[in-house]
Amino acid sequence: MTLTAEDIETIEAMISSAQVTTDADAHWIMFSGVLVFFMQSGFAMLCAGSVRAKNVKNIMLKNILDACVGALGFWSLGYGVAYGKYHDGNELVGSSFFFLSGQFERKDAFYNFFFQFAFAATAATIVSGAVAERCGMGAYAGYSWFLTAFVYPVVAHWVWSDKGFLSAFKKEPLLNVGTVDFAGCGVVHMVGGAAAGIGAWVLGPRIGRFDPNVPPEEFMGHSAPLTVLGTFILWVGWYGFNGGSTLAIVGYGDLASKVYVTTTLAAAAGGVTNMLLHFQIAKRFSDDKHGIYDIAETCNGVLAGLVSITASCSVVEPWAACVIGLIGAFVYTFGSCTLKKLEIDDAVNATPVHFFCGAWGLIAPGLFARGLGMRAAYGNHRTGLFYGGKGVMLSVQLLAFVAITLWVTVTMLPFFILMKAMGIFRVAEEDEVRGLDDSKHVSKVTFPIF
């Protein structure tokens, strides 16, 4: 067979078109990954504003360590555990691509690693605020590596790989639907939030935090501007977090734009609801019966809405996104009150925002998922309970909730208990009272000039 000049031009055009599509999708994933990674600065600002001034340097360094240690952990083991190809279809864990070696470059792509690393680092940094102002640096670095190298990747494999037992991307997904967790309510936020709550419980509260003779105001964050700045940075980053989870842009522009809208509406509904809710709480329980427009709680409401919509952002309608964000504010407040009742000291309310709202967000698709959205995002016709789904999807979502919670508990609880038994989990009492910046981050050494 002899190819004519016209045939050759047609083939070249087809190859060029396919390459353009590949490159456009790669650029979308890398750009979204940068937005997700930029969320690290949002977490850093939020944490810095939410702790006392004497501990700002310490919490900032821990946020930097999350990115550094998380990158090494996810490169060495994490990516292979999450997405390593396994010839017989292991449903629990991957077994290749460790250190991005083997056939990684032939069977996968570096932009995939970068995007997924940004998610792993997000899961790790959630804990930093919960254990702020009293956690030892060595134990914190060890936790960051353990979570990004093993704990988080196992859950990512279950839900997001094409082999995981909970995955919606399997050839034969569980109950013909699998877990609908588009951008990580369960995979990222429940994992990080559960680890945060467990860590704060094992570590114990800050000195005087629940002492009736110590005013709660002594533990308030020192900078509202940093808290607001961190919240806005996180909100911007969430567009990469949710929108980038289409994992392609060519042919998915409509889906990605819808995700941007539902993400925006859920955040807005959560912020307004939480502001008004805490105004009424303050009005009812304060001595002067005057409400307070609490800026920190408004920010937490925005974050509660963002977390709550993360699983369902691609499969629900805009009105449902508002409802999900609104309910998320109540779920967050319930979680915050529960932790205070149990005297678990989460310095920045990371557990209520990420675990409690992550759990609610994971359940939400089982209620609000619409068939049109499911076809666009997952290629099936399953619907949530409110659209006649008969509870099939809801059952899978609840199973994922139980599995993720149990997994994080059985891995992170012994880890934190071991760190405590070794005496490295908590700083010395005098250092905590004095402040970790002065005791750990003020140089007393004069370096020679060479």
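Is Ser32 buried or exposed? That was my opening look-up, and I kept in mind that this is a predicted model.

**Ser32.** I found Ser32 in helix α1, which spans residues 5–50. Its relative accessible area comes out at 0%, so I put Ser32 down as buried. Next I checked what the side chain of Ser32 has beside it: one of its polar atoms sits 2.9 Å from the backbone oxygen of Trp28.

**Ala24.** I stayed in helix α1 for Ala24. Ala24 has a relative accessible area of 27%, and I noted it as partly exposed because that value falls between the 20% and 50% cut-offs. I then looked at Ile249, which is 225 residues from Ala24 along the chain; the two C-alpha atoms are 7.1 Å apart.

**Positive patch.** Which residues gather in a patch of positive charge on the surface? I listed Lys85, Arg106, Lys107, Lys163 and Lys171. I picked Arg106 for a second look and placed it in helix α3, residues 104–107. Arg106 has 63% relative accessibility, so I marked it as exposed; the cut-off is over 50%.

**Nonpolar patch.** I also went through a nonpolar patch on the surface, formed by Trp319, Leu385, Phe386 and Tyr387. Together these residues have about 420 Å² of accessible area. From this patch I followed up Tyr387, which lies in the loop between α13 (371–378) and α14 (392–421). I wrote Tyr387 down as partly exposed, since its relative accessible area is 32%.

Key:
Residues are numbered from 1 along each chain as its sequence is written. This is a predicted model: local features need pLDDT of at least 70, side-chain atom pairs count only at pLDDT 80 or more; totals for chains, interfaces and linings use all residues. Side-chain values use heavy atoms; hydrogens and water are left out. Patches are made of residues with over 30% relative accessible area and no salt bridge: like charges are joined within 9 Å, nonpolar side chains (Val, Leu, Ile, Met, Phe, Trp, Tyr) within 5 Å. Accessible areas come from the Shrake-Rupley method with a 1.4 Å probe; for residues, only the protein chains shown count as cover. A salt bridge is a side-chain nitrogen of Lys or Arg within 4 Å of a carboxyl oxygen of Asp or Glu. Lys and Arg count as positive and Asp and Glu as negative; His and the chain ends are not counted. The place of a charge is taken as NZ of Lys, CZ of Arg, CG of Asp or CD of Glu. Helices (H or I, at least four residues) and strands (E, at least two) are DSSP runs, numbered from the N terminus. Buried means under 20% relative accessible area, exposed over 50%, partly exposed in between (1.4 Å probe, protein chains only). A polar contact is a pair of N or O atoms within 3.5 Å; within protein, one must be able to donate a hydrogen and the other to accept it, and residues adjacent in sequence count only if both atoms are side-chain atoms.
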